[in-house]
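Please have the sequence and the 3D view open side by side. The report below walks through the fold, starting from its interior.

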Amino acid sequence: MAGLNIVPTGGGVGAEVRGVDLRAIDDAGFAAIERAWIAHQVLLFRGQALSDDDLIGFSACFGGLDWAPVQETGRRFVEGRPELYIVSNVMVNGEPIGSLGAGEAVWHTDMSYLPEPPKASLLYALEIPPSGGDTSFVNMYTAYETLPDDLKARARGLKVKHDGTYNSGGFLRQGVVPTDDPRQSPGHLHPMVCTHPESGRRMLYLGRRRNAYVDGLDLAESEALLDAIWAHVCQPRFCWTNQWQVGDLVLWDNRCTMHRRDPFDNSARRVMHRTQVKGAAPPAA
Ligand code: SIN
């Protein structure tokens, strides 16, 4: 597609795609975007003007869309559009319009407590606070490749429980009985080291730290191993941070990245709309 330009972020992951209006991409443009997404894992598109239907339409180019998880209150976000997840601290008539509030959202992979987590997430900025609320991404290929040999050898062949008790904002998921015993909590086991089905590269697949559990180990051993691996993963050299502008669309590969969000002042408004593209169980390496 003429004019489309891919510019790496210069950080540990990601690229910006310039010269594209996501409401009007042709087949060649989409093929170039998909190739760039597999190569760079996270793509930023600035200056977009997307309606909810545009966001859903572009997202659906990557495959069928998942229904979003329900809000912490148990409600669906947007009547008639179950694919849309709203990330927001805004309250209307005393009720939150979205999830995750204004606090930190800790490192995580979206919906990895499910057997078949989404392969991609797309987050579109409608309103942003004057400061804070930046979102960081970490490259789980390089996190794996640079693991010390002893940790790499231990990680291969293990499975990790991805907890379904709390979301990344620390809020209890709807209908779940709270527990901080990772052996008892709801969730799903995935291989700790997986092979990306499209790039063929090996990656760490961790989900989130809270209530994670390495299957088959005693709890203290599991905690010690996870602490050692997480201490390696969250190094700034593997990361890139987006300082949001209204009209930014960020597309990430939910298999080979994790993300987190900085807190922001709750008296400011932040409204983001998110979609998730259906994925498959991440295959063991
Ligand atoms: C998310 O975890 O999907 C939301 C990240 C953000 O609020 O920037």
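## The main core

The largest nonpolar core holds 44 residues. Ile 33, Leu 43, Phe 45, Phe 58, Leu 249 and Leu 251 have the most contacts inside this core. A nonpolar core here is a set of buried Ala, Val, Leu, Ile, Met, Phe, Trp, Tyr and Cys residues joined through side-chain atoms within 4.5 Å. Buried means under 20% relative accessible area, exposed means over 50%, and partly exposed lies in between (1.4 Å probe, protein chains only).

Which elements each supply at least two residues of this core? Two helices do: H1 (27–40) and H2 (52–60). So do the strands E2 (15–18), E3 (42–45), E4 (85–88), E9 (120–127), E17 (249–253) and E19 (271–277). H1 gives the largest share, six residues. Helices (H or I, at least four residues) and strands (E, at least two) are DSSP runs, numbered from the N terminus.

Apart from this core lies another one, of 30 residues. Tyr 141, Ala 155, Val 193 and Val 233 are among them.

The model is predicted: local features need pLDDT of at least 70, side-chain atom pairs count only at pLDDT 80 or more, and totals for chains, interfaces and linings use all residues. Residues are numbered from 1 along each chain as its sequence is written, and side-chain values use heavy atoms, with hydrogens and water left out.

## Overall build

The protein has five helices and 19 strands. Its radius of gyration is 18 Å, which agrees with the value near 19 Å for a compact globule of 285 residues. That radius is taken over C-alpha atoms, and the globule rule is 2.2 Å times the number of residues to the power 0.38. Along the principal axes, the C-alpha atoms fill a box of roughly 50 × 45 × 35 Å.

Of the 285 residues, 53% are buried. Contact means heavy atoms within 4.5 Å. Among contacts between residues at least 6 apart in sequence, 78% join residues at least 24 apart.

The exposed surface is about 11700 Å², and carbon and sulfur atoms supply 51% of it. Areas come from the Shrake-Rupley method with a 1.4 Å probe; for residues, only the protein chains shown count as cover. There are 28 positive and 34 negative side chains. The centres of the two sets lie 2 Å apart. Lys and Arg count as positive and Asp and Glu as negative; His and the chain ends are not counted. Each charge is placed at NZ of Lys, CZ of Arg, CG of Asp or CD of Glu.

## Strand E17 and its partners

Val 250 lies in strand E17. Val 250 is buried, at 0% relative accessible area. Leaving aside neighbours within four places in sequence, Val 250 contacts residues including Val 42, Leu 43, Leu 44, Ser 121, Leu 122 and Leu 123. Phe 137, Asn 242 and Trp 244 are also in contact with Val 250.

Leu 251 touches Ile 33, Trp 37, Gln 41, Val 42, Leu 43, Phe 45, Phe 62, Ala 120, Ser 121 and Leu 122, with the neighbours within four places again left out.

## Two positive phi values

Most residues other than glycine have a negative phi. Two residues here have a positive value:

| Residue | Phi | Loop | Relative accessible area |
|---|---|---|---|
| Gln 41 | near 75 degrees | between H1 and E3 | 3%, buried |
| Asn 211 | near 60 degrees | between E14 (202–204) and E15 (213–214) | 7%, buried |

## Val 160 and Ser 112

Val 160 is found in strand E11 (residues 159–163). Val 160 is buried, at 0% relative accessible area. Beyond four places in sequence, Val 160 is in contact with His 188, Leu 189, His 190, Met 192, Leu 206, Ala 212, Tyr 213 and Leu 226.

Ser 112 sits in the loop between strand E8 (105–108) and E9. Is Ser 112 buried or exposed? Ser 112 counts as buried, because its relative accessibility is 1%. Not counting residues up to four places away in sequence, Ser 112 touches Pro 117, His 162, His 190, Tyr 205 and Gly 207.

## Ala 31 in H1

Ala 31 is found in helix H1. With 27% relative accessibility, Ala 31 counts as partly exposed. Its C-alpha atom is separated by 24 Å from that of Ala 125, 94 residues apart along the chain.
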